[in-house]
Every structure is written in structure tokens, then in C-alpha cells.
Amino acid sequence: MKIAVCASEVVPFAKTGGLADVAGALPLELELLNQEVIIIMPRYKCIQESKFKIQRLNPDISYSVIGKNSGVKVYFIEKDAYFNRDGLYGDKTGDYPDNLERFSYYSKRALDLLKEINFRPDIIHCHDWQSALIPVYLKTLYRDSPFYKNIKTLLTIHNIGYQGLFSKEEFPKLSLDWSLFNIEGLEFYGKINILKGGIEFSDSISTVSPTYSQEMQTKQFAFGLEGVLNKRRESISGILNGLDYSIWNPETDKFILKNYSLKNIEAKSQNKEELQRISNLPLKKDVPVFGIVSRLAQQKGFDILTEAIARICKMNLELIILGTGDLRYHILLKNIAKKYPKVISLRLKFDDSLAHKIYAGSDIFLMPSKYEPCGLGQMISMAYGTIPLVFKTGGLADTVSSANGFIFDKYKKEDLVKTIEKAIRVFQDKEKWLGLVKNAMQADFSWGESAKKYLALYEKTKSQ
Ligand code: ADP
């Protein structure tokens, strides 16, 4: 099978979120399954020649190769006026005002490139709104060109909250017929909605967990797209993201004090002590350490968490929070941390090394997200034998159960508090706790499994 992955960010070249992890890891796994894969992405400023072995194909296309075997070719679409900037989608002041032009240019150039290099894919795998115009163009502007006949598309939605909304006045920049600016096309309450176009024109749609694929179709989660998703419900599926165990493995992790596995699980306690020490918290063995590594956003549960935090601080626990995000949570958490210095340790920054130490040194990983398309934190924490405590939603519901974690099913601060109390109680029962740790560490979220599911979905889409 020939597959072209079109994504606006790909690890290791450029990343703002989980999309980049998927677009970087999945092609490598597909290659191991003997598939022919290429990746096409924009050439941003951060993709420097000196850092990655970059070669030139023609004046506006360069490429690099990733992977261990024969490798996967990553093609970069160059246009300095659009992509040679510090940010991927925007800067401190917000989104770049020409994002519609930037990503419609990218989408068309990606389609043209396929013909230039004579790579005729069975499937183009698009991701999020930035490449969602590809299925639209394929079925309109490129419809009559024989090269593009029978190429099928899969659109993966990583978070339906981001749709690519633009004002109607920009429509001519898309080079599409005005007849597409209607309710059956890209129109959305008087605006252009790029993701909506992708949902309507792609052959298959997927998202990053089975539960989120269902939730996403409901009014509560769809950010206004429930109607259009409902029309396509037969074509929607959910495949969990995998975890990169070469980065997240307590046996080999270079950031932690003492490496460990299930075989020497007692060594985990040395990481706990180290974490308590660097967090300026009392070195108590029998008090559970709760860890949080997260964007500080309402989506991540910080509304109910900050409402309940005064009560939580009076419990027999220690809480270590690492994160950045909304200013109001910075302020709220700073105030409470000042009040309870022996209970809370707060680091308002992005710190990869500390994140590893928190995953390894905590007993419980707190992730009460209000909605979570897939979520990585809960999978990472399980790999480290740190028990996740989550709200039952999206990928959290698909990965955490009472056998390997704590899960509450009403999004209320009372339920969060009760579940934390329960976790503290169970923590005192060493035998029960070890059972949870074993189950968590034995869970397998490797990319190999997800890649097989994507391949099956490609096959199904191809034969439609
Ligand atoms: P999302 O992509 O919605 O932010 P995920 O759980 O899918 O949430 O992934 C978040 C990733 O970012 C995890 O690997 C987590 O460890 C990491 N992360 C989040 N905040 C920080 C931070 N402040 N410092 C270090 N790593 C962080």
C-alpha cells in the first residue's frame, strides 16, 4: 500500500502538540509493516539544514529521511513568505492572519508534488484543519486529472476544538467555486470552516480514541460540528495513539535517579524521595505523592481541581504540579501553593527533565480532563507504575480502568475529591497497591498495535 501522510507538524522537525507525535511515529511503524510511506509538511524556520540532514529536490522542495531501516522520506514545502517564521501557526499576539492562505497553499502544493515525484498514493492521510483542504481539492480542483483518480483520503481529527475558522471575505483565496460556500460545504454560521470541508469531502474520518470518536459526535463535545459529523457517522472510527517507549521507559530513562522495572519496583521509592527533595516537600514514605504534568487549561480539569484544591490540601498527601497555561490558573495555584508550602510544590514552566522525574517519583498521576481526545500523560504514568486518577472521558476512558487506576464518571468537584480520598485509602493497602502498579506497568500502548489498526482502516477506505 502507498501512503502519503500530510501533516502540518511532524516529530522531530516541528511540534506544538500530539499531532506531531502521531505524524512522526506512525509512518515509521507502517514502514516496518512493509508499506511505502512518504510525509509532506511545510518547511518552517525551525527546520534548519544544520540540524537535520536536508537535501534539495527542486527550488521549492527539500527532503530529509527519518527511520532506521530504509527510511521514510519527509518532503518539505518551502515558501519563505508563508513558512519562514518563528511560530508554526502564530505568535504571542495570536494566530497569523494569513493562515488560510498558508495552509491552502501547502495543501495544493502537496497534491502537485505527488505528481511531480510520481508517487501515486492509495491513501492520503490528512491531519486536523491544516491539511483538511486536501480532500476538498482532490474532489474539486483535481477531480478531472487522471493521476488523482481513485486516490482515497483519511482525515484524522486530533481535537475538534480547532477547526480553522476564517471570514467569508477570504473565500476567493481558496480558489474554490462559490457554490461550495454553503451549508453542505465549507460554510459555518457565515464563516469558512476548513475542518468541516475536510469532514465532508474525505473518504474516512478518524480520531485518536474510540470513546472520543463517539463523544465528538455529540452536542456537548462537537463544538458545533455534531450535525455534519452525524451525517458521516458510518465513516468515523477511533484509534488510540501509541506511546514512544524509547522515550518513556523507567528502565532506561536518563532523567531519573534510579532506573527500575517491575522486577525491582522497590527502587521506584528512591525516585520518590528524590522528587520530594527537589520539590522541597517533607520526605514522607507513607504519604502518597500526587503528580500533575499538564497544560494549565480548563480542558485539563483545572476548573474543578482549583475549586476543590483547598479541601485537597487538607488531606494526607503531597501534590507536585508542573505546567504552564492560562494566567488565571497560574495565579490561583500560586496563591494556594503559598498557603500550603508543605503540601504543594508548584513549577510554572515547561520542563521535560522534571516531567520525567514526576512520572517516575509520584505514586498517583492526576489527570481529571474534562475532555481528552487521547491523552499521553495517563499512558506515560502507567509505564512508570504511577497510578492514574482520571475522569471517564475520551482516551482516558479507553486506557484507564479500576484494574490499573482510579476513574470517576461525573465531572464534579465532589466526585474528584471522593476519588482522591479513595486513592489515599487504597495507597495504604500495600498488596492492593502493588496489584494496581503491576497492571499499569504491564499495559501495552505501543505504536505497533495502532499502526496495524490504521493499516486496516486504510485497506477499508481503499476498497470503498
Ligand atoms: P495535550 O497534548 O492535550 O497537551 P497530552 O496528555 O496528550 O496533552 O500530552 C501532553 C504531553 O506534554 C505529555 O507528554 C506531557 O508530559 C507533556 N507536558 C505537558 N506540560 C508539560 C510541562 N509543563 N513540562 C513538561 N512536559 C509537559
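This section describes the overall fold of the protein chain and one helix–helix contact within it. The model is predicted.

The protein chain contains 16 helices and 20 strands. Its radius of gyration is 23 Å, close to the 23 Å that the globule rule gives for 464 residues, so the chain is as compact as a globular protein of that length. The C-alpha trace spans about 70 × 50 × 40 Å along its principal axes. Of the 464 residues, 59% count as buried. Contacts within the chain were also sorted by sequence separation. Among those between residues at least 6 apart in sequence, 70% join residues at least 24 apart.

The packing of two helices was then examined. Helix 9 covers residues 302–313, and helix 14 covers residues 413–428. Their axes lie 9 Å apart and form an angle of about 45°. An angle of that size falls outside the parallel, antiparallel and perpendicular ranges, and helix 9 and helix 14 are therefore oblique to each other. The crossing of the two helices is right-handed.

Helix 9 contributes I304, L305, E307, A308, R311 and I312 to the contact. On the other side, helix 14 contributes K413, L416, V417 and I420. The residues of this contact divide into 7 nonpolar and 3 charged, with no polar residues. The charged residues are E307 and R311 in helix 9 and K413 in helix 14. The nonpolar residues from helix 9 are I304, L305, A308 and I312. Those from helix 14 are L416, V417 and I420.

Methods
Residues are numbered from 1 along each chain as its sequence is written. This is a predicted model: local features need pLDDT of at least 70, side-chain atom pairs count only at pLDDT 80 or more; totals for chains, interfaces and linings use all residues. Side-chain values use heavy atoms; hydrogens and water are left out. Axes are lines fitted to C-alpha atoms, for helices over the stretch in contact, and angles run from 0 to 180 degrees between N-to-C directions. Helices (H or I, at least four residues) and strands (E, at least two) are DSSP runs, numbered from the N terminus. Angles under 35 degrees count as roughly parallel, over 145 as roughly antiparallel, 65 to 115 as roughly perpendicular and the rest as oblique. A crossing is left-handed if the near helix is turned anticlockwise from the far one by less than a right angle, and right-handed if clockwise. Contact means heavy atoms within 4.5 Å. The radius of gyration is taken over C-alpha atoms; the globule rule is 2.2 Å times the number of residues to the power 0.38. Buried means under 20% relative accessible area, exposed over 50%, partly exposed in between (1.4 Å probe, protein chains only).
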